[in-house]
Each structure stands twice: as C-alpha cells, then as structure tokens.
Amino acid sequence: PISTITASARLCKDTLVTFTPTSSFGSGAIQSWYYNFANTQTITTNNSNPVTTTYLTPGSYIVKHAVNAGLGCTSDTAFLPVTIYANPVANFTMSTGCLNDSTAIFTDATTVSDGQSFTWSWNFGDPISGVNNTSTNQNPTHRYTQYSSYPVTLKATTANGCAASIVKNFAVFGFVP
C-alpha cells in the first residue's frame, strides 16, 4: 500500500481540521488507517473516511499516517507537516453618536499573536442604508439617520483564513445643544 493524506485548507487554532486519506493499494484493499496528529490524539479506523481533530495551540506539527493491507508486512507510513495558525482577536472602538451631529467613526483594534495580516468585514447594523451598511475598510465611518441602537459587527480574517468576529452596540442619541 501507499500511504498519503491531505489536510483541509483552513488550519486554525481551535478549528476542526479534516484529514482525508488518499492512500492506495493497487487492486488490493487497505484494512486499517492509523493517524497520529501530534496533538495527543491518535485514531485507528477500518474505513477510509476523513477524520478530524482540533489543535489548541498554534505551531508546526508532523501528522503521521499509516495504512495496513493486512497481509503480513504490507504497510506504509507517510508524514504530513501542517502549520496551525493563530486566530485574530477582533476588537474595535467607536465614537459616540448624535443624530445629525457627525458621522460614526469605527477604529479597528484587532490583534493576532503571530503577526499575520488580515482583512476586515464590517456590518453597521443599519439595513436601511443599503450598500452603505457594510465596509471592508480598516477604520470605516458610517452615518446613521435614525435614533436607535445598532449592532455593529466586525469580522477580521487573517491571510491564512483564520477569523474572529465581535459585535458591539452603537447608540444614536438626539442632538443636545
């Protein structure tokens, strides 16, 4: 047999990682699959279904995968290096808001421990503003036209696809002279 596996594209801390065996044995049948994920979890199974695990710490790991055809010494082992990336910690600050006074200012305060770059996806919780209800700017502004409390959502996604979101309420008050 020939042992081979692939890992899911998104390799993030605290996220389910899927490993798919692509092993083969010519015209024969593989009888068992073994995985050591290098995170204290091992799995032995008698089917070729994908398996999953979660890594609690970012870093580099070597996943061991072995297959056995059950014919004495017919087995093969493969090693797959995987890098697990840190998730960002989404956060932002915001100005106070008075109707007809000024535009709300949102300032990104997102961090990530391994220094990855990231992109931003904002939703200002103001669907009546149409296409102006969202932004991909790091530090956007938004003008609200009605008194209310609006759930503002920031989703930050790293270059490696790890993401985090946060929701804060932005209250628009009446103008006080």
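**Exercise 1. The largest core**

Which residues of the largest nonpolar core touch the most other members?

*Solution.* Note first that this is a predicted model.
Step 1. Take the core, which has 18 residues.
Step 2. Pick out those that touch the most other members: Phe 92, Phe 106, Trp 122, Tyr 144, Val 152 and Phe 170.
Step 3. Find the strands behind the core. Strand 10 (104-108), strand 11 (118-123), strand 14 (148-158) and strand 15 (163-173) each supply at least two residues. Strand 15 gives the most, with four residues.
Step 4. Look around Trp 122. Leaving out residues up to four places away in sequence, Trp 122 touches Phe 92, Phe 106 and Val 152, among others. Polar residues are also on its list, including Asp 108, Asn 133 and Gln 138.
Step 5. Recall the general trend: nonpolar side chains tend to be buried together in soluble globular proteins.

**Exercise 2. A three-stranded sheet**

Work out the strand order of the open sheet of three strands, and name its edges.

*Solution.*
Step 1. Read the order: 1-2-5, with antiparallel pairing.
Step 2. Find the strands that pair on one side only. These edge strands are strand 1 (5-7) and strand 5 (51-54).
Step 3. Add the twist, which averages 25° from one strand to the next.
Step 4. Check one pairing. Strand 2 (residues 16-21) and strand 5 are antiparallel over four bridges. Thr 18 has Thr 52 of strand 5 as its bridge partner.

**Exercise 3. Thr 53**

Is Thr 53 buried or exposed, and which side chains make polar contacts with its side chain?

*Solution.*
Step 1. Place the residue: Thr 53 lies in strand 5.
Step 2. Apply the cut-off. Buried means under 20% relative accessible area. Thr 53 has 3% relative accessibility, so it counts as buried.
Step 3. List the polar partners. The side chain of Asn 39 is joined to that of Thr 53 at 3.0 Å. The side chain of Gln 41 makes a polar contact with it at 2.3 Å.
Step 4. Widen the view. Beyond four places in sequence, the contacts of Thr 53 include Leu 16, Val 17, Phe 19 and Phe 37.

**Exercise 4. The disulfide**

Which cysteines form the disulfide, and why is it called left-handed?

*Solution.*
Step 1. Count: there is one disulfide.
Step 2. Name the pair. Cys 12 and Cys 162 have sulfur atoms 2.1 Å apart.
Step 3. Locate both ends. Cys 12 is in the loop between strand 1 and strand 2, and Cys 162 is in the loop between strand 14 and strand 15, 150 residues apart.
Step 4. Use the torsion. About the S-S bond it is about -100°, so the disulfide is left-handed.
Step 5. Check burial. Cys 12 is buried at 0% relative accessibility. Cys 162 is buried too, with a relative accessible area of 0%.

Technical notes: Residues are numbered from 1 along each chain as its sequence is written. This is a predicted model: local features need pLDDT of at least 70, side-chain atom pairs count only at pLDDT 80 or more; totals for chains, interfaces and linings use all residues. Side-chain values use heavy atoms; hydrogens and water are left out. Two strands pair if DSSP finds at least two bridges between them. Axes are lines fitted to C-alpha atoms, for helices over the stretch in contact, and angles run from 0 to 180 degrees between N-to-C directions. Buried means under 20% relative accessible area, exposed over 50%, partly exposed in between (1.4 Å probe, protein chains only). A polar contact is a pair of N or O atoms within 3.5 Å; within protein, one must be able to donate a hydrogen and the other to accept it, and residues adjacent in sequence count only if both atoms are side-chain atoms. Contact means heavy atoms within 4.5 Å. A nonpolar core is a set of buried Ala, Val, Leu, Ile, Met, Phe, Trp, Tyr and Cys residues joined through side-chain atoms within 4.5 Å. A disulfide is a pair of cysteine sulfur atoms within 2.5 Å.
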